[in-house]
Amino acid sequence: MKEINTRLQKNWYLDEDRWSKAKEILENPNWKGTLLKRNLPGIPSEGLVGVYLITSNLPSHFETHSLLKDLSNVLYVGKGNLKQRFNVHSGDKAKKELKDARRTFRTLYFNYLVIDEEKEKEKNDKVLRVVEQTLIDVFGPPINSRNEVVVLDSISASVKEPVSLRGRS
């Protein structure tokens, strides 16, 4: 098995099989969420690792339009120490694109699923990476700039004789 970064899918994925894989993750009843603002209650406790989605609704001037008022978008998918990642994303060290999203949408949400305690992070790193990549695959969030893991099956081949394409008709 070889891991490489490839072109990142943008927007919602159109393959039903990928969504089936994401369904178990997304329907987990242990998801929690809070506004993405510093010093708010509800942020994850220290020492917990997991995956998270940063989401938004449309800017407030669309709230009166019935079709658009409930529309929500996944802007970023991540993994790691949830408290540390929350603090980075809600603070001055956030990516430029996330700061732009905060200016545009005003209200962002930090939705997270605890996978384990940080002391077990190494043991759970593969799980974290696969869960994160599954969510990146289905949502194609605009702020993510790379795939975390793409697994390719090995292909074995051998060449017995060189083949010349010249002189063939």
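**Close-up 1. Arg103 and Asp100 form a salt bridge in helix H3.** In this predicted model, the side chains of Arg103 and Asp100 meet at 2.3 Å, N to O. Both residues belong to helix H3. Three residues separate them, about one turn of the helix. Arg103 is exposed, with a relative accessible area of 52%. Asp100 counts as partly exposed, at 24% relative accessibility. Asp100 also meets Lys96 in a salt bridge, at 2.7 Å, N to O. Lys96 and Asp100 lie four residues apart in H3, again about one turn of the helix. Lys96 counts as exposed, at 57% relative accessibility. Shared partners join Lys96, Asp100 and Arg103 into one network of salt bridges. Side chains of opposite charge can pair when their charged atoms come close.

**Close-up 2. Glu27 and Lys23 form a salt bridge.** Their closest N and O atoms are 3.3 Å apart. Which of the two words, exposed or partly exposed, describes Glu27? Glu27 is exposed, with a relative accessible area of 54%. Lys23 is partly exposed, with a relative accessible area of 47%. The structure holds five salt bridges, including Glu27 with Lys23.

**Close-up 3. Arg106 has a positive phi.** The angle is about 70 degrees, although Arg106 is not a glycine. Most residues other than glycine have a negative phi. Where does Arg106 lie? Arg106 lies in the loop between H3 and E5. Arg106 counts as exposed, at 60% relative accessibility.

**Close-up 4. Thr104 of helix H3 and Leu58 are separated by 8.8 Å between C-alpha atoms.** Along the chain, Thr104 and Leu58 are 46 residues apart. Thr104 is found in helix H3. Thr104 counts as partly exposed, at 44% relative accessibility. For the whole protein, contacts with a separation of 6 or more were tallied: residues 24 or more positions apart account for 76% of them.

**Close-up 5. Four strands build an open sheet in the order E2-E5-E3-E4.** The pairing is antiparallel. E2 and strand E4 (72-81) are the edge strands, and each pairs on one side only. From one strand to the next, the twist averages 25 degrees.

**Close-up 6. Strand E5 (residues 108-117) is joined to E2 and to E3.** How many bridges join E5 to strand E2 (residues 32-35)? Four bridges do, and the two strands run antiparallel. Gly33 has Asn111 as its bridge partner in E5. Thr34 has Phe110 as its bridge partner in E5. How many bridges join strand E3 (residues 48-57) to E5? Nine bridges do, and this pair also runs antiparallel. Within the E3-E5 pair, Gly50 has Val114 as its bridge partner in E5.

**Close-up 7. Helices H2 and H3 contact the strands of the sheet.** Helix H2 (residues 82-90) lies across E2, E3, E4 and E5. H2 runs at about 130 degrees to E4. Helix H3 (residues 96-105) packs on the sheet. Which strands does H3 touch? H3 touches E3, E4 and E5. The direction of H3 makes about 135 degrees with that of E5. H3 also carries the salt bridges of Asp100 with Lys96 and with Arg103.

**Close-up 8. Two stretches of the chain keep pLDDT under 50: residues 1-6 and residues 151-169.** For residues 1-6, the model has 17 contacts beyond four places in sequence. For residues 151-169, the model has seven contacts beyond four places in sequence. Across the protein, pLDDT averages 76. Of the residues, 68% score at least 70.

**Overview. The protein has four helices and six strands.** From the N terminus on, the elements run β-α-β-β-β-α-α-β-α-β. The protein has 169 residues, and 33% of them count as buried. About 11,700 Å² is exposed. Carbon and sulfur atoms supply 50% of that area.

Methods:
Residues numbered from 1 in each chain as written. Predicted model: local features only at pLDDT ≥ 70, side-chain atom pairs only at ≥ 80, totals over all residues. Heavy atoms only, no water. Buried < 20%, exposed > 50% of the residue type's maximum accessible area, 1.4 Å probe, protein only. Contact = heavy atoms within 4.5 Å. Areas by Shrake-Rupley, 256 points an atom, 1.4 Å probe, with all protein chains shown as cover. Pairing = 2+ DSSP bridges. pLDDT = per-residue confidence, 0-100. Axes fitted to C-alpha atoms, helices over the stretch in contact; angles between N-to-C directions. Salt bridge = Lys/Arg side-chain N within 4 Å of Asp/Glu carboxyl O.
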